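The exercises below are meant to be worked with the sequence and the coordinates side by side. Each one sets a task and then goes through a solution step by step.

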Amino acid sequence: MKTNELLIELRKFVLIKSGLRNIDPGHCKIISEYVFQETKNYVSETTIKRFFGFANTLHKFSLFTLNSLSQYIGYPNWEAFCLDKESEISDVQSVWQDLRLKTHAFTEVSLIAKKNNSGVPFNATANRSFFYPDFDYFLKNNYQFTTISAQPGHGKSILLAHMVEHFFYAENALYKNDIVLLINSASINAIIQNGLSLGDWFLKEFKFGSVSELIGFFKKNPDKREGRFVLILDGIDEFLLKSTYFKVFIDFLYSIEENNFFKIAISLRSNTWVNLQPVITGSAFLTKTWYTGLFYDSDILSNVPYLNTEEILHTLSQIEGKTMTKNDINPSLLEQFKTPFWLQVYFKIKYENEFLDLKNPLLRYELINYFLEKKIFLAKNSTEKIFILKKISDAISEGNKGLRVSKEKILSYATLYPEIYEELIFSGIIVEEKRFTTSIPTEVVRFLNNDIYTYFIFIQLTEKFEYKACKGFFEHILQTFTNTTLREHILNWTIRFCINRNEITALKNILKLPFSNEEKNKSLDFICYVARYELSKPSSNFNKQSVGSEFIDIMAMGRTMSTLYKDTIKTISDNVLNEDAQIMLHIIECNINLIDIDRAALTNTMHLLKRNYKRLNELFPINPYDLILYFYNNLSNKPNESKSLEEKIIKLCHVIDKSPAHKNEDLTTAEMLTFRLVLITLFSQKNYAESHRFTMAILNKYPNIFYIRHSVFSPFLLIHLGQTYLKLNYFKKAQRIIQFLDKIISSEYTYFTNFISTSFYVFKANFYNYTDNYDQALTEVKEGIKFASKNDFKMFEVSLMLIKIDALKHTGATEEVSNVIKELLHFLAVNKISMPDYTNLNDGEFEHTFKILKSYRKHQ
């Protein structure tokens, strides 16, 4: 071999060893460092630049340089490298083997570029082996070419890399003697930059003037062929957008003679395939020799399916370094990750932000924001790009095939900035497709992903209201977005927007306006997710210093008692610096602990509250610590000195009763928390008459309180009043409350939670038990226990089982009573909880049974 040829070989192997996608001047410093690390020989950055042709070479390379680079790729010295390459040439017994060696070096470089260009580490990507039999069938049968087509981000290049390794390069590859030549856009750019045409390059590298000449040679000399020649073209879409290159490519396809050994696999985006397919189907030869594959979908012009759950979990397990299951990932994210591209975005964001986890639905929105920030908002010509994308989102309508717009409607904007429009298509933000359902096929434009469309709709909404999330902002969402899925996303973007800016008051509009109950509950959950995330960030407007009463109001208005809610209250109360806000959160925590019958957690929180006993007196109409202490003693089976507490409650009742009438808007969070604690204290003390008087006093101060539809306090108050009526034998009044609650809960306008729904089951079961309708009581108990168990409401489960025991006793079902008692005692033992007095809602006749059960439990 000539010295120039040997230097070309050495360059190829240095590039392969360095694992770089492309070589440019910036990489030369990296290669210099790699060589030093490997050989301890210092080859300067300037020398590396000269070696790769980036700087003028006025003299030959020194032996030291050539030896160092040879050692870097695994040879003892330059001489050994030269001898090995000469030996390879002498060992080549055929034209076929010569071609195989030359294409191998080129394909290796292309393969390394593909692996390095993978947004997720290549070994973490799904190999999509279901595709292998399809490709194998193409290789073995009389087809000339196949296409691998899909939208951007569907993993075409990674799929090709896996197939090259599996079929040709792996240790147990099926077709090691076949020639595979992988050409990607970087390879073509390098050829063009060197001033060569593809024909000139092919002749220079492989000694054949064209592919047709190569095919002709092996058709005339079949004995010299030792396998198949597989040409793989990937990432050529940007070239096919240009009419000249498109014509060259079409001519190339037409020039291939029919044969059974030369195969072409072409990776294309769907919008490129839209333009190419008519040419293919217009030619009988090309149609006959084109293998569509098992997975080809003619509607979307793609044969690369979305990732399945198993493939997603494989990649996430590799990224996370542990086995991941469906339960470890939020369902909305699992849906998003079906497009491999989003896994790449997740891999990038994961190492920039450790506080987001896969169970958090907020991650979906952070991924979209991160992607658009990099691709659009911080990119070149961002203003023009945003302008075009806004116009497209404005014009989009929901058709049978999704959110899209006829291209002619946005043509004026596309022609105003043609290069930027093409860049948006090539970067995968928007997609052009053909619509074949009309009498004349028309071009349509859509966003690559519906979430991106939603984002730009939201951006325009913020601009419309001058970046102020006022009441009108939320009313506009309610009136404009009738599609529930779209509205949910817009609400979630709005929640993120408000908390990012620490504009918490605005979020109350979600609860106050007639959004559906499901939307309100989902929004409250999302508020919890975003609040915890923002609090964890090193720099955020919503932080330890800024969390205040507005946020506490929302948490009190929307008590859900879910695990997420509990964790959020705990996280924020542990971090907030505003003492009054922290006190309020501790009171909410105590309420949670009472419902969970969690004495240990209650003890810890009470200890924190006691430090602020004086401030509690100032913040609340009655010191809530005294009320909570009553329940703590109840849980601990300690005696209660209730007389002084009773006097305080009666005094407060008198003050409230004498207050002038107030509007519902005047009701404060401190009052709601106090009233709730007072009422359940009175009920637990069996002071039902005073409980009724206290409720009537609240009604005197707030005459319209039962008509509040944006807070759980109103339904709580109604249910509590209903339970009080049962104890006072006012059964008709209790029944009217049930009818009223049934009516308002069935109205989507009312806000209620799983906690309220379970409370209602308990109330109804108790009502039917009191009114001797035991079969209906047992029906309500069954549904209630199912609901309470699902939501982990331990107090309600105990209460419902006690009602069940009482109802069964009245029906004479002795054996079933025994079974439920065993079930109850087992439940208490497994959950390591007691059975405090406030869990028993049955009438006085059941008191003896309850004492026996409680006593039995106490001695276990």
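**Exercise 1.** Which residue with a positive phi follows helix 25?

*Solution.* The structure is a predicted model, and the reading begins at the end of the helix. Helix 25 is followed by Asn-502, and the phi of Asn-502 is positive, near 55°. Turning to the other end, Asn-483 caps the N-terminal end of helix 25, with a side-chain oxygen placed 2.9 Å from the backbone nitrogen of Thr-485. Between these ends, helix 25 covers residues 484-500, and its 17 residues reach 24 Å from the first C-alpha to the last, close to the 24 Å expected at 1.5 Å a residue. As a last step, consider burial, for which the cut-off is under 20% relative accessible area: 13 of the 17 residues of helix 25 are buried, so the helix is largely enclosed by the rest of the structure.

**Exercise 2.** Work out the strand order of the open sheet, and decide which strands stand at its edges.

*Solution.* Begin with the pairings of strand 4 (residues 262-269). Strand 1 (residues 145-150) runs parallel to strand 4 and is joined to it by six bridges, and within this pairing Ala-150 has Arg-269 as its bridge partner. Strand 3 (residues 229-233) also pairs with strand 4 in the parallel sense, over five bridges, with Leu-233 standing opposite Ile-266. Next, follow strand 1 to strand 5, to which it is joined by two bridges, again in parallel; here Phe-145 stands opposite Trp-290. Put together, the open sheet of five strands has the order 2-3-4-1-5, with parallel pairing. Strand 2 (179-183) and strand 5 (290-291) therefore stand at the edges, each with a single partner strand, so that one side of each is left without a neighbour in the sheet.

**Exercise 3.** Are the two faces of strand 4 covered or uncovered?

*Solution.* In a regular strand, side chains alternate between the two faces of the sheet. Sorting strand 4 in this way puts Phe-262, Ile-264, Ile-266 and Leu-268 on one side, and Lys-263, Ala-265, Ser-267 and Arg-269 on the other, and all of these are buried. Both faces are thus covered, in keeping with the count of eight buried residues out of eight for strand 4.

**Exercise 4.** Describe the largest cavity, its lining, and one helix that contributes to that lining.

*Solution.* Counting cavities of 30 Å³ or more gives five, and the largest of them holds about 390 Å³ of space. Its lining is made up of 21 residues, among which Ile-680, His-720, Met-795, Phe-796 and Leu-841 lie nearest the centre. The elements giving two or more residues to this lining are helix 30 (579-596), helix 35 (669-684), helix 37 (713-727), helix 39 (754-770) and helix 41 (794-811). Sorted by class, the lining has 13 nonpolar, seven polar and one charged residues. For the last step take helix 41, whose 18 residues reach 26 Å from first C-alpha to last, close to the 26 Å expected at 1.5 Å a residue. Of these 18 residues 14 are buried, so helix 41 is largely enclosed by the rest of the structure, and the residue that follows this helix, Gly-812, has a positive phi near 80°.

Note on methods:
Residues are numbered from 1 along each chain as its sequence is written. This is a predicted model: local features need pLDDT of at least 70, side-chain atom pairs count only at pLDDT 80 or more; totals for chains, interfaces and linings use all residues. Side-chain values use heavy atoms; hydrogens and water are left out. Buried means under 20% relative accessible area, exposed over 50%, partly exposed in between (1.4 Å probe, protein chains only). Helices (H or I, at least four residues) and strands (E, at least two) are DSSP runs, numbered from the N terminus. Two strands pair if DSSP finds at least two bridges between them. The expected span of a helix is 1.5 Å times one less than its number of residues. A polar contact is a pair of N or O atoms within 3.5 Å; within protein, one must be able to donate a hydrogen and the other to accept it, and residues adjacent in sequence count only if both atoms are side-chain atoms. On a 1 Å grid over the protein atoms alone, a cavity is a set of points where a 1.4 Å probe fits but cannot get out, and a pocket is an open set with protein on both sides within 12 Å along at least five of seven lines; lining residues have an atom within 4 Å of a point. Grid points are joined across faces, edges and corners, and a volume is the space filled by probe spheres set on the points. Ala, Val, Leu, Ile, Met, Phe, Trp, Tyr, Cys and Pro count as nonpolar, Asp, Glu, Lys and Arg as charged, and the others, Gly among them, as polar.
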